[in-house]
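Grab a pencil and have a look at the fold below. Here are a few exercises, each with a worked solution.

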Amino acid sequence: MHNSQFIRIFAPNLTTMKYADYIKQIEIDSLWSGKKHILWTLDPQVNILSGINGVGKSTILNKVFKSVNTNGDLINHLLKGVHITAEPEDATHVRFDIIRSLDSPMLDNETLNLVDTRIRSALDFQLYHLQRKYLDYQVNIGNRIISELQKGNADAAQQLSRPKTRFQDMIDDLFDETGKKIVRTENEIRFSQIGETLVPYQLSSGEKQMLAILLTVLVEDQQPYILFMDEPEVSLHIEWQKRLIDLIVELNPHVQIILTTHSPAVIMNGWVDRVTEVSDITV
């Protein structure tokens with residue numbers, strides 16, 4: 001499942017909204033009914049939480065998620081024991097996305113059929129919403145490109161178009177072995193394969209998962225934000241697991257990644273020093 005919103009961090013005497021660049025520290029006073037205290041100092045870019053099953057990796061992330069109310073605000077006084085420190089310290093909000101990897105079937109088929117009869121799983125529904133965001137993203141970028149061209153800033157206009165092109169190149173490269181290519185003349189994401197046109201719902205679970213992750217990163221439009229991922233390696237080929245973090249960081253250098261994983265492949269491309277064991281942050 002996927003959710004994109006923001007956390008509100010309370011600061012005294014502030015009435016304006018100011019977004020953080022990244023989270024510096026997560027503190028949880030009572031994990032599992034007070035049995036454990038968590039104090040996790042974060043890297044500004046990549047943070048990988050590791051440990052055997054049952055030690056609390058997903059629980060730690062869920063504690064942070066449950067601090068967010070329906071308006072996307074972190075209400076510290078309503079959920080006692082969860083404290084977030086951000087950079088800069090006077091930031092009042094944090095943009096973030098949540099990605100969960102399980103491609104489970106959707107239960108409310110009646111509602112889904114009203115949206116799109118081809119939607120059958122949680123990843124399908126996630127991709128449906130991301131398609132809508134992708135359309136908005138393209139309109140926004142297009143308007144900014146036109147504005148720069150009207151000012152005579154051709155280089156700036158070209159720079160604005162590069163992330164979308166790089167995203168398309170990444171997907172084409174990842175899907176190359178199955179012969180799938182993004183149809184670049186379409187506003188919505190479509191694929192061509194041996195003369196046929198495919199929609200994202202027709203992809204494999206692994207392809208849907210990688211598409212959802214990279215599309216989530218793209219539509220954040222290179223803003224500073226936090227990407228939470230709970231075991232993103234599920235359904236991904238080992239070679240894709242190795243490339244995952246590198247692709248995300250390349251697509252948006254301003255993202256802060258906070259993820260849980262069981263897979264050593266995820267850290268193989270130079271991210272070993274960003275791994276934190278749950279036991280190392282438990283006091």
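**Exercise 1.** At what angle do helix α5 and helix α6 pack, and how many Å apart are their axes? Work out how the two helices are oriented, keeping in mind that this is a predicted model.

*Solution.*
- Start by finding the helices: α5 covers residues 205–219 and α6 covers residues 238–251.
- Their packing angle is about 20 degrees, and the axes lie 9 Å apart.
- Angles under 35 degrees count as roughly parallel, and α5 and α6 are therefore roughly parallel to each other.
- As for handedness, α5 passes α6 in a right-handed crossing.

**Exercise 2.** Which residues of α5 meet which residues of α6?

*Solution.*
- On the α5 side, pick out G206, E207, M210, I213, L214, V217 and L218.
- Their counterparts in α6 are W240, L244, L247, I248 and L251.
- Now sort this contact by chemistry: ten residues are nonpolar, one is polar and one is charged.

**Exercise 3.** What is the strand order in the open sheet of three strands, and which strands stand at the edges?

*Solution.*
- The order reads β3-β2-β5, and the pairing is antiparallel.
- β3 (36–41) and β5 (82–87) each have a single partner strand, so they stand at the edges with one side lacking a neighbour in the sheet.
- On average, neighbouring strands here are turned by 10 degrees against each other, direction ignored.
- Zoom in on β2 (residues 22–31): β2 and β5 pair over six bridges, and I28 has V82 in β5 as its bridge partner.
- Finally, add helix α1 (residues 57–65), which packs on the sheet and touches β2, β3 and β5. The direction of α1 makes about 105 degrees with that of β2.

Terms used: Residues are numbered from 1 along each chain as its sequence is written. This is a predicted model: local features need pLDDT of at least 70, side-chain atom pairs count only at pLDDT 80 or more; totals for chains, interfaces and linings use all residues. Side-chain values use heavy atoms; hydrogens and water are left out. Axes are lines fitted to C-alpha atoms, for helices over the stretch in contact, and angles run from 0 to 180 degrees between N-to-C directions. Helices (H or I, at least four residues) and strands (E, at least two) are DSSP runs, numbered from the N terminus. Angles under 35 degrees count as roughly parallel, over 145 as roughly antiparallel, 65 to 115 as roughly perpendicular and the rest as oblique. A crossing is left-handed if the near helix is turned anticlockwise from the far one by less than a right angle, and right-handed if clockwise. Contact means heavy atoms within 4.5 Å. Ala, Val, Leu, Ile, Met, Phe, Trp, Tyr, Cys and Pro count as nonpolar, Asp, Glu, Lys and Arg as charged, and the others, Gly among them, as polar. Two strands pair if DSSP finds at least two bridges between them.
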